[in-house]
Amino acid sequence: MMARGPLSKVVGYIPKGFNTSASLEKIAAVRKEDVVISYAVPPVPSAPFKRLVKAQIKRLLLRKSMPESLMLLVTARCQCKCKHCIFHGFEKGRELFTEELCGVIDQALELGAYHVSFEGGEPTLRDDIFDLINHVDKNMASTHLITNGLRLTKEYVRKLKKAGLEYLHVSLDSPYQEEHDEFRGVEGTFEKASAGTKYGVKEGLIGIVEYTATPYNSDFETIEDLYRHCKSLGVHEILISDVVPGGRWEHHEDNIVKKENYDEIVAFRDEANKRKDGPRVSTSFSYRDPKVMGCFAGRRWVWVSSTGEVMPCMHVHLSFGNVKEEKLSRIWGKIRKHHLFSKKPEICAWEDPIYRAYSNQIEIALEEETLPYRIP
């Protein structure tokens, strides 16, 4: 990457840091027309990538923060009963209509988003998911779908590709069929998720396996077995995320990933990314390090629940408004002014004492299934 123009000296550290990082990491995919560095970055070159660069310049020079990534929780419905379900306890009111979701997408793109992710619940349970994906202007943002894989037949994957999906994220929580199915609460999930991932890669989608790390699946040997399985499927990238308190895991802080678990995950990542073949391995918690980018919640991310509640992050169960009632820009402004998000992030928002001060309200909302808690 090179910087040219009158501001090149001011922002020169951006391409320098980018090139240093890229030279040390494995690339997810190299295609004829572009390079896919990681799920977190739009293909290079591309119009969405130019928007990413502009967003960083605005953040640096104008101190302007925009929602770079829009995460749409399009439905609360799901076939699984995951032990760590983050959507557990959320209000099950009327889901946003197609037109309303399209309006949210348009508003986020206008604010500067270059990444749109369709999540849930299980997003493939919405019949209009193809229309929603198709609605995203591909000259403005990359498109992502996070799924349990149960509906990923060959024909379904083809329709996703035709609609304009670029990144297919499939959840796998263990490389072992029995353990994964038990964790997800549905027999056959592992087999269908694996097959669906393979179909997606063959159709030309960027295949991402989302792996939720717990103290029970974070050892080197288990992740090595996961890597072998993903390599056999043609996966481009394995994204390892750490489970955090929330939803069904709200009162399981004793089961949160420990330092020794993080150390093993990082050791595996660094070793695997030196291999010539096989998928890239990424760790979401590394990006949240204050020395790297810091917590994204309310600074780079915005999440919208299936009923329209706007949150800084899926792990921060606070709503600052509803898109049925207010413009996204106005709600984003409320988030940015809140003392939890207006300061420099030193730790993740869900760990911050300011957020923890809402614990009682959030616990009540969880029990009453009225999450997220609406900020007065």
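The following dialogue explains how several terms apply to this predicted model.

Guide: Residues are numbered from 1 along each chain as its sequence is written, and side-chain values use heavy atoms, without hydrogens and water. In this predicted model, local features need pLDDT of at least 70 and side-chain atom pairs count only at pLDDT 80 or more, whereas totals for chains, interfaces and linings use all residues.

Visitor: Why is Phe-90 called buried?

Guide: Buried means under 20% relative accessible area, exposed over 50%, and partly exposed in between (1.4 Å probe, protein chains only). Phe-90 has 1% relative accessibility and therefore counts as buried. Phe-90 is found in the loop between E3 and helix H3 (98–111); helices (H or I, at least four residues) and strands (E, at least two) are DSSP runs, numbered from the N terminus. The C-alpha atoms of Phe-90 and Tyr-373 are separated by 9.4 Å, although the two residues are 283 apart along the chain.

Visitor: What makes the contact of Arg-59 with Glu-68 a salt bridge?

Guide: The term requires a side-chain nitrogen of Lys or Arg within 4 Å of a carboxyl oxygen of Asp or Glu. The closest N and O atoms of Arg-59 and Glu-68 are 2.6 Å apart, so the pair meets that rule. Arg-59 is buried, at a relative accessible area of 15%, and Glu-68 is buried at 2%. By this rule the count comes to 24 salt bridges.

Visitor: Why does the pair Arg-158 and Glu-155 count as a salt bridge?

Guide: The closest N and O atoms are 3.7 Å apart, which is within 4 Å, and therefore the pair qualifies. Both residues lie in helix H5 (residues 154–163), 3 residues apart, about one turn of the helix. Arg-158 is partly exposed at 40%, and Glu-155 is partly exposed at 47%.

Visitor: How do you know that Arg-374 and Glu-309 meet in a salt bridge?

Guide: The N to O distance is 3.1 Å, so the rule of within 4 Å is met. This pair links distant parts of the chain, 65 residues apart: Arg-374 is in strand E13 (residues 373–374), and Glu-309 is in the loop between strand E10 (301–304) and strand E11 (310–311). Arg-374 is partly exposed, with a relative accessible area of 34%, while Glu-309 counts as buried at 9%. Salt bridges also link Arg-77, Glu-95, Arg-126 and Asp-128 in a network.

Visitor: What makes Leu-7 eligible for the nonpolar surface patch?

Guide: Patches are made of residues with over 30% relative accessible area and no salt bridge; like charges are joined within 9 Å, and nonpolar side chains (Val, Leu, Ile, Met, Phe, Trp, Tyr) within 5 Å. Leu-7 is a nonpolar residue at 41% relative accessibility, so the area condition is met. Leu-7, Leu-61 and Leu-62 make a patch of about 280 Å², with areas from the Shrake-Rupley method and a 1.4 Å probe. Leu-7 lies in the segment before helix H1 (13–24).

Visitor: Why is the patch that includes Lys-64 called positive?

Guide: Lys and Arg count as positive, and the patch is formed by Lys-50, Lys-54, Lys-58 and Lys-64, so the patch is positive. Lys-64 is partly exposed at 43%, and therefore passes the threshold of over 30%. The place of Lys-64 is in the loop between helix H2 (47–61) and strand E3 (69–73).

Visitor: How do you know that strands E8 and E9 pair?

Guide: Two strands pair if DSSP finds at least two bridges between them. Strand E8 (residues 237–242) and E9 run parallel and are joined by 4 bridges, so they pair. Glu-237 stands opposite Arg-280 in E9.

Key. The place of a charge is taken as NZ of Lys, CZ of Arg, CG of Asp or CD of Glu.
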